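Please take a look at the chain below. A short report on its features follows.

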Amino acid sequence: MTTIDRTTTARTTTARTIVAVSERLVLTRPQEDDVEAMFAIHGDPETNRYNPYGPQRDIAQAQEMLDGFVADWPRDGVGYCAVATREEPGVIIGFAGLYLHTLDGEKVFNLYYRFRPSAWGKGYAAEAARAAMAEALPRFPGIPVIALIRADNLPSRRLAERLGLVADPDGRVDHEERLIHRMA
């Protein structure tokens with residue numbers, strides 16, 4: 001992996017580790033100073049329309065989530081990424097990628113994508129998901145990709161289907177009642 005420099009408002013330049021680059025996007029490992037972007041995205045009621053827990057209430061919740069994202073990389077060699085456009089690599093527009101975990105005793109990758117509303121409708125989530133899968137799957141052969149999606153979250157379910165995931169034919173759900181979609 002390589003590093004890039006990014007400049008953020010009110011901050012000095014910070015090196016970022018590039019995970020993947022697509023036609024329009026740069027996916028990097030999340031880092032501690034991403035907490036404001038984490039809260040802006042995960043604290044927005046619109047981005048949490050289908051989240052039964054609602055948006056994050058404060059920066060402390062964002063920090064806790066970010067700490068998990070950051071810790072995944074050294075432990076597993078893979079994880080969720082901060083996503084920016086190639087034109088503005090210092091502005092995080094979302095988080096996406098694959099998280100390695102166990103579901104019903106099986107090691108799987110959970111596919112995740114959440115973007116600022118201003119980034120919606122541009123195909124960024126699909127592009128980021130494809131880039132993350134293209135980077136991770138060859139390094140971890142045989143580990144299936146799943147997505148856990150609430151039944152009423154039709155936009156996310158449609159995106160998962162475009163990415164090649166299908167809902168469990170038996171309607172199987174996880175412990176939070178999310179439908180289990182699996183790479184076909």
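## Two loop residues

Glu177 lies in the loop between strand 8 (165-167) and strand 9 (179-183). Strands here are DSSP runs of E with at least two residues, helices are runs of H or I with at least four residues, and both are numbered from the N terminus. The model is predicted: local features need pLDDT of at least 70, side-chain atom pairs count only at pLDDT 80 or more, and totals for chains, interfaces and linings use all residues. Residues are numbered from 1 along each chain as its sequence is written, and side-chain values use heavy atoms, with hydrogens and water left out.

Phi of Glu177 is near 65 degrees, which is a positive value in a residue other than glycine. Glu177 counts as exposed, at 53% relative accessibility. Exposed stands for over 50% relative accessible area, buried for under 20%, and partly exposed for values in between (1.4 Å probe, protein chains only).

Asp104 has a positive phi as well, near 50 degrees, and is likewise a residue other than glycine. Its place is the loop between strand 5 and strand 6. Asp104 is exposed, with a relative accessible area of 58%.

## Strands 5, 6 and 7

Strand 5 and strand 6 form a hairpin, with 2 residues between them. They pair in the antiparallel sense over 10 bridges. Pairing requires that DSSP finds at least two bridges between two strands. Leu98 stands opposite Leu111 in strand 6.

Why is strand 6 (residues 106-115) described as largely enclosed by the rest of the structure? Because 8 of its 10 residues are buried.

Strand 6 also pairs with strand 7 (residues 145-149), in the parallel sense, over 2 bridges. Here Asn110 stands opposite Ile146 in strand 7. From strand 6 the chain crosses through helix 3 to strand 7, and this β-α-β crossover is right-handed. Right-handed is defined with the strands pointing away from the viewer: the path from the first strand over the helix to the second runs clockwise.

## Two helices

The expected span of a helix is 1.5 Å times one less than its number of residues. The table sets this beside the distance between the end C-alpha atoms.

| Helix | Residues | Expected span | End C-alpha distance |
|---|---|---|---|
| Helix 2 (residues 59-76) | 18 residues | 26 Å | 26 Å |
| Helix 3 (residues 124-136) | 13 residues | 18 Å | 18 Å |

For helix 2, expected span and distance agree. They agree for helix 3 too.

Helix 3 is mostly covered, with 11 of its 13 residues buried. Among them are Tyr124, Met133, Ala131 and Glu135.

In helix 2, the buried residues include Ala62, Leu66, Phe69, Asp72, Trp73 and Asp76. They cover an arc of only 125 degrees around the axis, so they sit on the same side of helix 2. That arc is taken from the directions from the helix axis to the C-beta atoms. The face turned away from the buried side carries the exposed residues Glu64, Pro74 and Arg75.

## Ala20 and strand 3

Ala20 is found in strand 2 (residues 14-21). Is Ala20 buried or exposed? Ala20 is buried, with a relative accessible area of 10%. Leaving aside neighbours within four places in sequence, Ala20 is in contact (heavy atoms within 4.5 Å) with Leu25, Val26, Leu27, Ala131 and Glu135. The C-alpha atoms of Ala20 and Ser156 are separated by 22 Å, and the two residues are 136 apart along the chain.

In a regular strand the side chains alternate between the two faces of the sheet. Leu25 and Leu27 point one way from strand 3 (residues 25-28), while Val26 and Thr28 point the other way. All are buried. Strand 3 pairs with strand 4 in the antiparallel sense over 4 bridges. The bridge partner of Thr28 in strand 4 is Ala82.

## Aromatic pairs

How many aromatic pairs does the structure hold? It holds 6. Rings of Phe, Tyr and Trp (its six-membered ring) pair if their centres lie within 6.5 Å; planes under 30 degrees apart count as stacked, over 60 as edge-to-face and the rest as tilted.

Tyr80 and Tyr99 form a tilted pair, 5.8 Å centre to centre, with 45 degrees between the planes. The pair links distant parts of the chain: Tyr80 in strand 4 (residues 80-85) and Tyr99 in strand 5 (residues 92-103), 19 residues apart. Tyr80 is buried, with a relative accessible area of 7%. Tyr99 is partly exposed, at 27%. Both belong to one aromatic cluster, formed by Phe69, Tyr80, Phe95, Tyr99 and Tyr112.
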